[in-house]
Amino acid sequence: MIGRWLSLAVAQAVLRALAWLLADLALIAVAVAAAPVSIVAAGAAAAAWRQGWPPRRLLAAAAWCGPMVAVWLAWTVRGGSGWPAVAAAPYHAWLDFWLLARAGSPLRAAAVVAPLAIPLGLAAGGLAWTYRTGLLRSGAGGLSPAASVAFDRRQWRHQVRAATGRIAAPGSVPLTVRGDLLVVGAVIRTVGHRAGRLAAVGYQRMRSHQVVVGTTGTGKTTLLLRLWTAFMATGLRRHAAGLGAPPLMVVLDCKGGADARRIADRFRRVLRQAGARSIAIWPDEASLSLWTLPPRQLTTTLVDLIEHGTGSAAYYADVMEALIGLAVEAPCGPPASSRDLLGRLEPGWLAMAYASSGTAADHALIRSASRHLGDVALRFRTLFRRLGAGLDGPGGFGDADAWYCILEGTDQIPVAEGQARALVDLLASFAVRGPQRREILLAVDEFSAVSRRLPIWQLYERARSLGLAVQVSAQSWQGLAAGEDERYRIAASAEGGIWLLRTPHPEPLTALAGTRRATETTRRLARFPVWRHQGTSRLNEIPVVDAALIRDLDVGQAAYIYRGGVTYVQVKRLVGAPAAVAGRPAAAVNRAVASGRAVAGDGGHADDGGPASDGGRAPDGGRVPDGGPAPDGGVAGPKARPAGARPGTAGAPPDVSAVLDAAFGPEPRA
Amino acid sequence: MHSGAALVFVAEMYGMQLDQLATVLGGSQRRATAVAARWRAAGHAQAAVLSPGPRWVWLTKAGLATCGLPFTANTPGLSRLAHLRAAAAVRLALMAAPQFTAGGAYWRSERRLRARMGGRIGLREHVPDGEVHWPDVDGPDGAGLGWAGECWAIEAELTPKTSARTVAIMRELLNRTGDYGCLAADVQVPGRSPRHDRAIYLCSPAARPVVARARDALGVLGSRVEIRLLPAGAGLAGPGPVGDAGGEGAL
């Protein structure tokens with residue numbers, strides 16, 4: 001009995017092995033017979049594995065070969081008789097291939113069959129790659145259940161290598177592409193987003209709120225600089241084409257210190273290359289005027305800049321607000337500087353200013369509050385000393401295409417808090433009442449460090465109502481805002497997407513991408529380490545963004561979460577021109593005239609690419625050697641003097657009315 | 001101007017009416033008609049009444065080949081006739097100024113600029129109606145012209161555009177650094193000298209206020225914009241003042 005059972009088992013095993021052998025032999029025979037197709041399919045699958053391509057790419061490539069096949073068929077059967085000839089064409093091509101190969105002409109043989117073999121091979125390779133990836137993703141493939149994890153990690157490495165290669169090729173990653181798309185880098189992998197070679201976001205997404213989170217040294221600054229530069233380049237191009245208002249980029253760097261200055265220098269150089277003519281670094285090189293705010297707004301801002309207590313101290317806050325209101329809204333007009341305001345807080349000034357035109361209520365208020373005037377003046381004197389000259393003008397946000405504002409949030413927190421509040425008020429006022437409509441992007445880095453006076457959600461709400469886009473960046477989830485509710489509110493309202501770099505606690509942000517359905521398979525363990533290809537599968541909800549992958553991202557890699565999908569990007573680093581060389585202020589004025597931009601301050605505050613030099617022009621308006629590099633790294637143009645300037649002189653363009661009057665008559669009057 | 005040079009002139013301006021051709025030739029309209037007839041007989045040109053006023057003359061493919069110009073032979077579009085006449089009138093008026101000849105200035109026509117751009121016209125670059133290049137030579141009194149070495153962009157404005165559009169065009173003209181047809185990366189390179197030292201706007205009375213407002217909106221950059229009225233005879237003959245017959249907006 002036992003012998004019979006054993007012989008039956010052996011017979012079954014032998015039969016099964018024979019069946020497998022026959023099936024394999026049949027497969028090999030088909031592969032050999034269709035050698036051209038098999039070779040292309042194997043090559044395509046190998047390339048897809050090596051480059052980490054999705055299967056769709058091979059199938060799309062096969063589909064794109066359709067026109068070639070149609071032309072080939074039309075050419076092949078041009079003398080034939082209709083559909084039978086078309087149907088027979090592949091067979092004849094296959095036959096010709098083998099005949100030519102046997103005759104010792106492998107190249108001709110390949111040429112004869114290529115129009116047919118390439119699309120079929122690509123399609124076969126694509127299907128094989130689909131089968132392989134599907135098998136492993138569902139957990140049904142490989143020798144063990146861990147094979148799918150190893151496969152995924154290997155594919156990630158391949159995809160990273162391919163993306164790194166793409167961004168390393170010169171000129172392969174433009175800053176912007178047609179359709180107002182801002183190119184960030186090369187795509188590593190996508191989930192729920194369309195797969196492509198380059199990762200690009202639409203300009204309109206930069207006009208919505210965004211969140212960027214990544215620890216120090218992960219490439220956050222590189223990513224931000226690229227986004228800002230692309231925003232500026234696209235905005236300027238759209239403006240030149242009449243499609244929108246000119247862009248304005250305002251960055252609030254709330255950390256400060258030497259690192260902020262280094263980033264500001266990179267900011268200036270890359271934005272200059274993007275077409276921005278004037279870039280201001282506040283408060284180091286440019287200033288803004290707080291006193292351009294409307295009087296009522298100015299009063300509110302000034303009072304908010306001062307720390308108030310609660311309880312009985314609220315009384316003094318009310319007194320202060322009343323006095324500042326009187327000083328700012330005096331009949332002679334609002335103050336023009338901090339010195340002017342402090343002068344108005346001197347004893348007797350208010351009484352004199354309101355003597356002729358003030359109401360009885362004003363006079364009563366002045367009488368009752370005048371005994372606090374000295375204390376109020378003292379507090380504001382201290383405040384202005386802390387704030388420095390950066391807010392005392394001259395200058396406004398409209399004077400430059402881009403502003404990089406450095407707030408010493410690490411070193412002098414109370415000062416930075418006041419500055420942040422004042423800068424946001426100024427920008428809001430500019431957005432509402434500015435002389436020219438601008439498409440504004442406000443980027444705030446580590447704003448939570450200075451947001452005690454102005455909660456960041458309030459900034460969000462204000463920005464939305466003013467048409468500003470806010471881009472909040474932080475080193476961690478906790479750095480986004482002070483409270484958990486506030487953090488969730490910020491992240492959830494990031495309509496422009498979330499950029500996630502390596503960070504130790506990405507779960508709250510990755511959870512915002514949601515989940516997707518995936519097949520999960522269990523496999524039966526025969527005896528370790530052998531798992532059978534038998535088990536059950538079920539659909540399961542898994543996160544769209546793998547938090548473990550985010551924790552493991554390398555430098556320069558980012559995940560872009562948008563609308564329930566994610567694109568992993570290898571960010572392309574922007575390299576700016578060499579740093580500018582300082583020169584004489586007069587040249588800055590000349591340059592401003594030539595480029596049509598106002599210089600904030602007295603020729604040294606705002607910057608349009610370097611404190612003094614301009615590509616191809618010597619500081620005094622004379623010539624620099626033709627073709628030689630300009631001091632700021634630009635290339636000398638054919639003309640070395642300012643546009644419109646008389647040779648050898650600097651300043652206003654020469655008068656051409658002689659020739660124009662002779663040709664067309666004098667300029668008509670309005 | 002002899003008839004060969006006039007043939008090139010007509011080719012550069014897409015087409016001309018006989019009265020303007022007479023000005024080019026420096027003779028009467030009867031002489032212009034005779035010259036045009038000779039061109040037609042030689043197969044160099046065609047003529048027809050396309051608009052109110054004298055007949056239009058334009059070059060055929062053979063005529064363009066004779067001139068050695070790489071343009072595509074086309075009949076002037078009806079919607080462009082008013083603008084073409086205005087541009088030709090501006091060129092003629094400028095050429096009549098003594099400084100133009102004395103300064104050795106050169107008019108580079110819109111057709112030349114577009115031909116240089118080749119098939120890349122669809123890039124939304126604005127092409128001026130002409131460029132005037134002033135070489136570095138002495139003026140009529142022996143002294144150097146103040147504007148020698150400059151390049152001017154010429155715009156003939158018949159119909160008022162929106163102020164924003166006009167500002168955008170002015171800004172593009174004054175900030176452009178590369179030649180037409182250059183690489184896209186060279187169109188506006190920060191730090192390089194602008195290509196056009198100034199923009200000269202020749203406006204109809206209707207378009208002048210918008211152009212003036214746009215110049216004011218440019219701020220300092222506006223100092224490089226000059227505004228004048230279109231010369232007499234720049235409009236198509238027939239009812240209505242200059243500016244009611246189309247213009248660049250109809251291009």
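User: Happy to be looking at this predicted model with you. Which residue in β3(A) does Ala186(A) stand opposite?

Analyst: Start from the strands: β2(A) and strand β3 (residues 198-202) of chain A run antiparallel and are joined by 5 bridges. Ala186(A) belongs to β2(A), which covers residues 181-191. Its opposite residue in β3(A) is Leu198(A).

User: Which glycine in the hairpin of β2(A) and β3(A) takes a positive phi?

Analyst: That hairpin has 6 residues between its strands. One of the residues there has a positive phi near 80 degrees, and that residue is Gly192(A).

User: What about the hairpin of β1(A) and β2(A): which residue takes a positive phi there?

Analyst: Strand β1 (residues 176-177) of chain A pairs with β2(A) in the antiparallel sense over 2 bridges, and Val177(A) stands opposite Leu181(A). There are 3 residues between these strands. With a positive phi near 90 degrees, the residue you want is Gly179(A).

User: Nice. In β14(A), what is the bridge partner of Val191(A)?

Analyst: β2(A) also runs antiparallel to strand β14 (residues 565-571) of chain A, with 6 bridges joining the two. Across those strands, Val191(A) has as its bridge partner Val566(A).

User: Is β2(A) mostly covered or mostly open, and how many of its residues are buried?

Analyst: The strand pairs with β1(A), with β3(A) and with β14(A). Its residues are mostly covered. Of the 11 residues in β2(A), the number buried is 10.

User: Let's move to Gln210(A). Why does Gln210(A) count as buried?

Analyst: Gln210(A) sits in strand β4 (residues 210-213) of chain A. Leaving out residues up to four places away in sequence, Gln210(A) touches a list of residues that includes Leu227(A), Tyr460(A), Val472(A) and Tyr560(A). A residue is buried when its relative accessible area is under 20%. Gln210(A) counts as buried because its relative accessibility is 1%.

User: Which backbone oxygen does the side chain of Gln210(A) reach?

Analyst: The side chain of Gln210(A) makes a polar contact with the side chain of Trp499(A) at 3.4 Å. It also reaches a backbone oxygen, at 3.0 Å, and that oxygen belongs to Gly496(A).

User: And what separates the C-alpha atoms of Arg207(A) and Val470(A)?

Analyst: Arg207(A) is placed in the loop between α8 (203-206) and β4 of chain A. Its contacts, not counting residues up to four places away in sequence, include Phe231(A), Glu439(A) and Ala469(A). Along the chain, Arg207(A) and Val470(A) are 263 residues apart, yet their C-alpha atoms are separated by 8.0 Å.

User: On to helix α5(A). What should its 21 residues span, and what separates its end C-alpha atoms?

Analyst: Helix α5 covers residues 82-102 of chain A, and at 1.5 Å a residue the helix should span 30 Å. The end C-alpha atoms agree with that, being apart by 30 Å.

User: Where in α5(A) does a kink lie?

Analyst: The kink is about 40 degrees. Shortly after it comes the proline Pro90(A), and the kink itself lies at Ala89(A).

User: Which helices are included in what covers the buried residues of α5(A)?

Analyst: The buried residues of α5(A) are Ala85(A), Ala89(A), Ala93(A), Phe97(A) and Leu100(A). An α-helix has 3.6 residues a turn, so residues three or four places apart point the same way. The cover for this buried set includes, from chain A, α2 (35-51), α4 (66-76) and α6 (106-137).

User: Which residues of chain B does Ala663(A) touch?

Analyst: Ala663(A) lies in helix α23 (residues 657-664) of chain A. Its relative accessibility is 13%, so Ala663(A) counts as buried. Not counting residues up to four places away in sequence, its contacts are Ala93(B), Leu94(B) and Ala97(B).

User: Last one, on chain B: which strands stand at the edges of its open sheet with the order β1-β3-β2?

Analyst: The sheet has 3 strands with antiparallel pairing. Within it, 4 bridges join β2(B) to strand β3 (residues 56-59) of chain B, and Ala45(B) has Leu59(B) as its bridge partner. The edge strands each have a single partner strand, so one side of each is left without a neighbour in the sheet; they are β1 (16-17) and β2 (45-48) of chain B.

Terms used:
Residues are numbered from 1 along each chain as its sequence is written. Chains are lettered from A and ligands numbered from 1 in the order in which they are written. This is a predicted model: local features need pLDDT of at least 70, side-chain atom pairs count only at pLDDT 80 or more; totals for chains, interfaces and linings use all residues. Side-chain values use heavy atoms; hydrogens and water are left out. Buried means under 20% relative accessible area, exposed over 50%, partly exposed in between (1.4 Å probe, protein chains only). Two strands pair if DSSP finds at least two bridges between them. A polar contact is a pair of N or O atoms within 3.5 Å; within protein, one must be able to donate a hydrogen and the other to accept it, and residues adjacent in sequence count only if both atoms are side-chain atoms. Contact means heavy atoms within 4.5 Å. The expected span of a helix is 1.5 Å times one less than its number of residues. The bend at a residue is the angle between axes fitted to the seven residues ending there and the seven starting there.
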